[in-house]
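User: Please take a close look at one part of this structure, the four-stranded open sheet and its order. I am new to this structure, so plain wording is best.

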Amino acid sequence: MDDTARIHYDAFLARICSWMCGSMEEQIRKNREFFSRHALIPRDNQIAIDLGAGNGCQSIALAQLGFFVTAVDFCGELLEELRMHAGDLRVRTLPGDIRDYSLWSGRSPALITCMGDTLTHLRSLHEAEALVRRCYSELDYGGRIVLSLRDYSQEQAGEVIVIPVQRDNDRIFLCRLEYLDDTVTVRDILYSRSTGRWRRTASPYTKIRIAPVSLARMLAEAGFVREFYSADNGTIIAIARKDA
């Protein structure tokens, strides 16, 4: 992963990530419905790998559907949250970088997920292409990959956008996006109130810009057959199959 992303999560985002994303139960429910709607349910092969699993919104949903899930993430604090929420479900957590293929290779999974903007945390389009190719080689025949990420490709270099993300009575979370040619600099900003006084903290990191056409090309060049593809409302979602 990009070093700025690792530093940002460890020092800033991990402790507020679950609050920022909203109800954990609701996120799990939405993911479970998404997987079910697209027939991403276990059959003979029950092995799934969740790359960039975070606090487990995808991993837990997959386990509830009957998969045996290997959840990989570089952030130990988020993996601890995942283990707490997973309880007795069949989820195994692996701390580490998803580019370290030795962590999760050799399992011949029926499903690999890489969701929640994880792909944009890589350092370059080349790394993203390499990860997609590796997923193809690791999947069982007939297996599927699910990718989801934000579409940062529309804005021009030099544009700056500030997005309100989450708030409650004592916290306000904003996200400032500064667009460069191939990347976007993300500055997460948290205003928090304690004993009546507001305090501002902020932390930047870098994401790569992956256009919908670029992701479609990556999948095709890796050998995948697309089953579902959407680039609506600023989010790219792709489901693709490794043909037998």
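Analyst: What follows describes the sheet, then turns to the nonpolar cores and one buried residue.

The model is a predicted one. In the open sheet, the four strands run in the order E6-E7-E8-E9, and their pairing is antiparallel. The edges are taken by strand E6 (160-167) and strand E9 (197-208); each has a single partner strand, so one side of each lacks a neighbour in the sheet. On average, neighbouring strands are turned by 20 degrees against each other, with direction ignored.

Strand E7 (residues 171-179) and strand E8 (residues 183-194) are joined by nine bridges in the antiparallel sense. Within this pairing, Arg171 is opposite Ser192 of E8. Helix H1 (residues 3-13) packs on the sheet and touches E7, E8 and E9, and the direction of H1 makes about 160 degrees with that of E9.

Next come the cores. The largest nonpolar core has 29 residues, and the members that touch the most others are Leu51, Trp104, Leu119, Leu131 and Leu215. Elements that give two or more residues to this core include strand E1 (47-51), helix H6 (125-138) and helix H7 (212-222). Among the residues touched by Leu51 are Val72, Ile98, Trp104, Ile112 and Leu131. A second, separate core of 23 residues includes Ala53, Leu79, Ala86 and Leu111.

Last is Asp97, in the loop between strand E3 (91-95) and strand E4 (111-114). Asp97 counts as buried because its relative accessibility is 12%, and the cut-off is under 20%. The side chain of Asp97 makes a polar contact of 3.2 Å with that of Arg6.

How values were computed
Residues are numbered from 1 along each chain as its sequence is written. This is a predicted model: local features need pLDDT of at least 70, side-chain atom pairs count only at pLDDT 80 or more; totals for chains, interfaces and linings use all residues. Side-chain values use heavy atoms; hydrogens and water are left out. Buried means under 20% relative accessible area, exposed over 50%, partly exposed in between (1.4 Å probe, protein chains only). A polar contact is a pair of N or O atoms within 3.5 Å; within protein, one must be able to donate a hydrogen and the other to accept it, and residues adjacent in sequence count only if both atoms are side-chain atoms. A nonpolar core is a set of buried Ala, Val, Leu, Ile, Met, Phe, Trp, Tyr and Cys residues joined through side-chain atoms within 4.5 Å. Contact means heavy atoms within 4.5 Å. Two strands pair if DSSP finds at least two bridges between them. Axes are lines fitted to C-alpha atoms, for helices over the stretch in contact, and angles run from 0 to 180 degrees between N-to-C directions. Lists of a residue's contacts leave out its neighbours within four places in sequence.
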